[in-house]
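Ready for a few exercises on reading a protein model? Have a go at each task yourself, then check the worked solution below it.

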Amino acid sequence: MFDVLFLPTWSPYLAGAGIGAVVCLSFFLCNRPLGSSSAYAKAWGLLEKAVDPAVEEKKEFYREEIPPRFDGVLMLLPGIFIGAFISAALSGQLHLSWVPLLWASAFGNNAIFRILVAFLGGIILAVGARWAGGCTSGHGISGTSQLSLASMVSAACFFIGGIITAFIIFHGTGV
């Protein structure tokens with residue numbers, strides 16, 4: 001039964017059922033939808049609060065939208081890293097690399113360039129998530145499970161944008 005934990009890839013049906021269970025647990029245990037962009041905002045708020053303890057009173061964003069507190073939402077961040085590590089280790093796929101093979105075959109082995117592009121992509125993703133009112137997990141998983149029209153439109157745009165971006169990036173590389 002637990003053999004699936006050691007496979008390098010999982011059935012999309014099993015993975016989807018697992019994600020659905022996690023969304024249900026998020027509503028049941030935390031009384032809120034699953035989403036990671038607010039966790040990053042909370043983490044940044046906690047860093048700001050460490051430097052300036054009065055930051056929560058100074059910024060409306062922290063007072064009204066996302067208070068910088070340790071909670072279930074914030075615990076999603078270490079959970080992502082720990083879960084990915086455990087999954088890769090159990091499946092025998094754990095290896096550290098500054099430049100993934102797909103990236104190297106398309107753009108070369110320059111680790112500095114790869115890190116800069118990943119950092120820039122992360123900034124663009126964070127701005128887009130705040131602009132859209134949530135991230136792919138917030139809209140695409142939790143929002144669509146609640147039949148939110150805004151989340152369905154957002155999720156469709158995420159997929160369209162991802163397909164267009166992948167086509168633009170990898171079209172000329174032959175990958």
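**Exercise 1. Find the handedness of the crossing of α8 and α9, then describe their contact.**

Step 1. Start with the handedness: where α8 passes α9, the crossing is left-handed. Keep in mind that you're looking at a predicted model.

Step 2. Now list who does the touching. On the α8 side you'll find T136, H139, G140, G143 and T144, and on the α9 side S151, M152, S154, A155 and F158.

Step 3. Sort those residues by class. You get three nonpolar, seven polar and no charged ones.

Step 4. Next, look at the geometry. Helix α8 covers residues 136-145 and helix α9 covers residues 149-170; their axes come within 8 Å and cross at roughly 130 degrees.

Step 5. Put a word to that angle. Angles of 65 to 115 degrees count as roughly perpendicular and those over 145 as roughly antiparallel, so a crossing at roughly 130 degrees makes α8 oblique to α9.

**Exercise 2. Work out which helices line the largest pocket, and which of them gives the most.**

Step 1. Get a feel for the space: the largest pocket has a volume of about 810 Å³.

Step 2. Look at its walls. The lining is made of 20 residues, and those nearest the centre are G122, I124, L125, A126 and A129.

Step 3. Assign the walls to elements. Two or more lining residues come from each of α2 (37-51), α7 (111-132) and α9.

Step 4. Pick the top contributor: that's α7, with eight residues.

Step 5. Check the chemistry. The lining splits into nine nonpolar, ten polar and one charged residue.

**Exercise 3. Do the same for the second largest pocket: which element gives the most to its lining?**

Step 1. The second largest pocket holds about 620 Å³ of space.

Step 2. It is lined by 19 residues, with I19, V22, G79, I80 and G83 closest to the centre.

Step 3. The elements giving two or more residues here are α1 (12-30), α5 (76-91) and α8.

Step 4. The top contributor is α5, with seven residues.

Step 5. By class, this lining has twelve nonpolar, seven polar and no charged residues.

**Exercise 4. Step back: how many helices and strands does the protein have?**

Step 1. Count the elements: there are nine helices and zero strands.

Step 2. Write them in order from the N terminus, and you get α-α-α-α-α-α-α-α-α.

Step 3. Finish with the overall dimensions. Along the principal axes, the C-alpha atoms fill a box of roughly 50 × 45 × 35 Å.

Conventions:
Residues are numbered from 1 along each chain as its sequence is written. This is a predicted model: local features need pLDDT of at least 70, side-chain atom pairs count only at pLDDT 80 or more; totals for chains, interfaces and linings use all residues. Side-chain values use heavy atoms; hydrogens and water are left out. Axes are lines fitted to C-alpha atoms, for helices over the stretch in contact, and angles run from 0 to 180 degrees between N-to-C directions. Helices (H or I, at least four residues) and strands (E, at least two) are DSSP runs, numbered from the N terminus. Angles under 35 degrees count as roughly parallel, over 145 as roughly antiparallel, 65 to 115 as roughly perpendicular and the rest as oblique. A crossing is left-handed if the near helix is turned anticlockwise from the far one by less than a right angle, and right-handed if clockwise. Contact means heavy atoms within 4.5 Å. Ala, Val, Leu, Ile, Met, Phe, Trp, Tyr, Cys and Pro count as nonpolar, Asp, Glu, Lys and Arg as charged, and the others, Gly among them, as polar. On a 1 Å grid over the protein atoms alone, a cavity is a set of points where a 1.4 Å probe fits but cannot get out, and a pocket is an open set with protein on both sides within 12 Å along at least five of seven lines; lining residues have an atom within 4 Å of a point. Grid points are joined across faces, edges and corners, and a volume is the space filled by probe spheres set on the points.
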